[in-house]
Amino acid sequence: MIERTFSMIKPDSVLRGLAGEIISRIERKGLKIVGLKMIAVSEEQASRLYAVHKEKPFYKELVSFIRSAPVIVIAIEGESAVSVMRRLIGSTDSKEAAPGTVRGDFSCSKSMNLIHASDSVENAQNELSIFFTEAELMKYERLDAKWVC
Ligand code: CMP
């Protein structure tokens, strides 16, 4: 089924010059980027994105990290996009992430783990609405679509 998901290239990726490499992996997988922008995350956006972690001991660190430098937010569409993106980025703790995944190839950290991707269709809808208006999501077809999935 064609799904939409949300992803965020985090400050560590931007500061390390890894954004292009990561975006390229998303494109090469055959997923369609339908929205993309570099932003400074506001306090309100951070608290909405991380609402489920509010009571966790690392919450403050989480918010301050995500607001420490620009991020790139991406809206992605494709066949099973939610689970495909989760596999492409690898386990949350980068030390355990499989080689070949973004985290497995470029990080050893749990907090600075380079990229976020929604873990369900429902959360994707909510997270997309925090960072994109419907008008910012583009409609087009990739020319290679029928060769990819
Ligand atoms: P992500 O899944 O993108 O969104 C929630 C983030 O919380 C997660 O990535 C990790 O970066 C971070 N996180 C999860 N567990 C811990 C932890 N124990 N200590 C620090 N950060 C964590």
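**Exercise 1.** Is glutamate 43 buried or exposed?

*Solution.* Keep in mind that you are looking at a predicted model. Start with the cut-off: a residue is called exposed when its relative accessible area is over 50%. Glutamate 43 has a relative accessibility of 57%, so this residue counts as exposed.

**Exercise 2.** Find the salt-bridge partner of glutamate 43, and place both residues along the chain.

*Solution.* First, the partner: glutamate 43 pairs with arginine 67, and their closest N and O atoms are 3.6 Å apart. Next, the places: glutamate 43 belongs to helix α3, while arginine 67 sits in the loop between α4 (59-66) and β3 (71-79). The two are 24 residues apart, and the pair links distant parts of the chain. Finally, check arginine 67 itself: with a relative accessible area of 41%, this residue is partly exposed.

**Exercise 3.** Stay in helix α3 and look at glutamine 45. Which residues does glutamine 45 touch, leaving aside those up to four places away in sequence?

*Solution.* Begin with the location: helix α3 covers residues 43-49, and glutamine 45 is part of it. Then list the contacts, which are Ile39, Ala40, Ile130 and Phe131. Last, consider accessibility: buried means under 20%, so glutamine 45, at 18%, counts as buried.

**Exercise 4.** Why does the salt bridge between arginine 25 and aspartate 105 tie together separate parts of the sequence?

*Solution.* Take the bridge first: the closest N and O atoms of arginine 25 and aspartate 105 are 2.9 Å apart. Now look at the elements: arginine 25 lies in helix α2 (residues 19-29) and aspartate 105 in helix α6 (residues 102-106), so the pair joins parts that are 80 residues apart in sequence. To finish, look at how accessible each partner is. Arginine 25 is buried at 14% relative accessible area, whereas aspartate 105 is partly exposed at 35%.

**Exercise 5.** Describe the salt bridge between lysine 37 and glutamate 136.

*Solution.* The side chains of lysine 37 and glutamate 136 meet with an N to O distance of 2.9 Å. Lysine 37 is in strand β2 (residues 32-39), and glutamate 136 is in the loop between α7 (121-131) and α8 (145-148), 99 residues apart. As for accessibility, lysine 37 is partly exposed at 22%, and glutamate 136 is partly exposed at 30%.

**Exercise 6.** How many salt bridges are there, and which residues do shared partners join into one network?

*Solution.* The count comes to 11 salt bridges. Salt bridges with shared partners connect Arg4, Lys32, Glu77, Glu134 and Glu141 in one network.

Methods:
Residues numbered from 1 in each chain as written. Predicted model: local features only at pLDDT ≥ 70, side-chain atom pairs only at ≥ 80, totals over all residues. Heavy atoms only, no water. Helix = DSSP H or I, 4+ residues; strand = E, 2+ residues; numbered from the N terminus. Buried < 20%, exposed > 50% of the residue type's maximum accessible area, 1.4 Å probe, protein only. Contact = heavy atoms within 4.5 Å. Salt bridge = Lys/Arg side-chain N within 4 Å of Asp/Glu carboxyl O.
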